[in-house]
Every structure is written in C-alpha cells, then in structure tokens.
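Visitor: Please take me through one part of this model closely. Pick a helix, stay with it, and then follow the chain outwards to what surrounds it.

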Amino acid sequence: MADQSTPTLTADPVDPAEPVTDLATDLATGPATGLAADLATALIDAGYGPYFGTPCGVLAPLYSELSRRAGLITVPREDNAVGLAAGAELAGVRPVVLMQNSGLGQSVNALASLVVPYGIRVLFVVSLRGQHPDMTPENAAMGRLTQPLLDVLGLESRTFEPSVPVRSQISELAELTTAKHRSAVLTVAPDAFGWAA
C-alpha cells in the first residue's frame, strides 16, 4: 500500500547572519518607505480619494500603501485612469491618479481636451523617470519633457521634497486643487521612495 502521509516541503537552511539583499524587503523597511506611508496618510487625511493608478517602480511603495489602505484601483492605461478620475470628480469626490511620466505623455489628449479646459480637479502623482539617478535611455526624453509638458498644459506642479513636512506639501496642493479649481501635479524623483536602477 502506498504511503498516504502528507508530503512536506523542505527549504534550504537560512543563515541568520546573512544580510538580506531582497529589494522589496529593503524597501519595506527603509526610511524611504516611511515617506511613502507618510504621503499616503497625508493624502487620506486630506480627504483625497478614490485612487487610480498604473503600476510604476518608482511609486511602488506609495502604490502599495494606497492599495492596502484606500483600495487603489489599478487601470492598465494612464489616459483611461484620467477619464475615470474626471468622472469621479464630477460626482463630487477628490480623485488622485498615480502614473509614471511616460503615462503623462500617453494622457496628453485627455488632459488637454477634458481635465484642463473644464476645470476638473484631479491630483496627479507623477514619477520622474529619466531624471537623475534614472539614466535609462528609454526614459530620457520624457525625463526632459515632463516639466515643459506640464507648463504647456497649464498644470501647476510641485516636486515631492523628502526634507519638507509631507502634510504641508499636501496642503499646498489641496489649495491648488480646491481654491483655484484646477488640477495639480506632485512629481516624485526616482529615488524619493528608495528606487534604484
């Protein structure tokens, strides 16, 4: 008769003295992830939501925090996320869209023909791929084009500053989106939350 006992899995023994080198673990425990958690808290406490986003490595810690705590909705294309956020704002809420700056290029028409001319208030959190320390050639052009593109679209922006209290940065953006009845953009440097090439 065959052995009916439950098979067991065995793993290689773990040396507790061996340093952990897994990036996800580093990100989950580093000070940069604390900044992402602080930013998520500030956004939630300021009354922002719902959250839409297209995954981005630079924004991954913030993406995870908002997914876990506020139910971020993943949207495959950034311009579709802009459309969903515009509809949410028209329904009376304060949406946020997370995207990589390449997705900003993807969203130009939705921004130029819908969000900007109709004064739809969306807060965009946009990673700055193609800027230092991200020297990947495929992101270089959008790294140079992001700020000029925002200027041409008339979207005011601030760059996330790790040394400045997070709540004050969000308060300033809330003033832009509420009092001035327009969208605003928070740009995020590639290494702000611990991303490395």
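Guide: Asn139, Met142, Gly143, Thr146, Leu149, Leu150 and Leu153 are the buried residues of α7. The model is a predicted one. In α-helices in general, residues three or four places apart point the same way, because there are 3.6 residues a turn. The buried residues of α7 pack against two strands named β5 and β6, and also against β3 (96–100), α5 (101–106) and α6 (108–115).

Now the helix itself. Helix α7 covers residues 137–153, 17 residues in total. From first C-alpha to last it reaches 25 Å. The expected value, at 1.5 Å a residue, is 24 Å, and the span is close to that. The helix has a kink, though. It lies at Leu145 and comes to about 40 degrees. The proline Pro148 follows shortly after Leu145. Just past the end of α7, Gly154 has a positive phi of about 75 degrees.

Next, the stretch leading into α7. The loop between β4 (123–127) and α7 holds Leu128. Leu128 is buried, at a relative accessible area of 8%. One of its contacts is Thr146, itself among the buried residues of α7. Leu128 also touches Asn101, Thr187, Val188, Ala189 and Pro190, with neighbours within four places in sequence left aside. Asn101 belongs to the range of α5. Leu128 also comes to 6.9 Å from Gln100, C-alpha to C-alpha, across 28 residues of sequence.

Pro133 sits in that loop between β4 and α7 too. The peptide bond from His132 to Pro133 is cis, with omega about 5 degrees. As a rule, most peptide bonds are trans. A second cis bond joins Gly49 and Pro50, again with omega about 5 degrees. Pro50 is in the loop between α2 (31–45) and β1 (51–53).

Follow the chain beyond α7. Phe160 lies in the loop between β5 (156–159) and α8 (166–178). A search of the whole structure finds one aromatic pair. Phe160 and Phe193 form that pair: their ring centres are 5.6 Å apart and their planes meet at 50 degrees, so the pair counts as tilted. Phe193 lies in the segment after β6 (184–188), so the pair ties together parts that are 33 residues apart in sequence. Both rings belong to buried residues: Phe160 has a relative accessible area of 3%, and Phe193 has 0%.

Then comes α8. Its 13 residues should span 18 Å at 1.5 Å a residue, and the end C-alpha atoms are 18 Å apart, which agrees. Its buried residues are Val166, Gln169, Ile170, Leu173, Ala174, Leu176 and Thr177. Viewed down the axis of α8, they fall within an arc of 160 degrees, so they line one face of the helix.

The loop between α8 and β6 contains His181. Its phi is positive, about 50 degrees, although His181 is not a glycine. Most residues other than glycine have a negative phi. His181 is partly exposed, at a relative accessible area of 43%.

Go back to the α5 and α6 side, where α7 also packs. Asp79, in helix α4 (residues 78–90), is the residue to look at. Asp79 is buried, with a relative accessible area of 18%; the cut-off for buried is under 20%. Asp79 touches Gln106, Ser107 and Ala110, with residues up to four places away in sequence not counted. Gln106 falls in the range of α5, and Ala110 in that of α6.

Past α6, the loop to β4 holds Gly119. Gly119 is buried, at 17% relative accessible area. Its C-alpha atom is separated by 9.9 Å from that of Ala86, with their places 33 residues apart along the chain.

Two further sites complete the tour. Glu65 is in helix α3 (residues 60–70). At 12% relative accessibility, Glu65 counts as buried. Outside its neighbours within four places in sequence, Glu65 is in contact with Ala36, Ala37, Ala40 and Ala70. Elsewhere, the charged end of Arg94 sits over the ring of Tyr48. The distance from the charged end of Arg94 to the ring centre is 4.3 Å.

Definitions and conventions. Residues numbered from 1 in each chain as written. Predicted model: local features only at pLDDT ≥ 70, side-chain atom pairs only at ≥ 80, totals over all residues. Heavy atoms only, no water. Phe/Tyr/Trp six-rings, centres within 6.5 Å; stacked < 30°, edge-to-face > 60°. Helix = DSSP H or I, 4+ residues; strand = E, 2+ residues; numbered from the N terminus. Buried < 20%, exposed > 50% of the residue type's maximum accessible area, 1.4 Å probe, protein only. Lys NZ or Arg CZ within 6 Å of the ring centre and 35° of its normal. Expected span 1.5 Å × (residues − 1). Bend = angle between axes of the 7 residues up to and from the residue. Contact = heavy atoms within 4.5 Å. Arc of directions from axis to C-beta.
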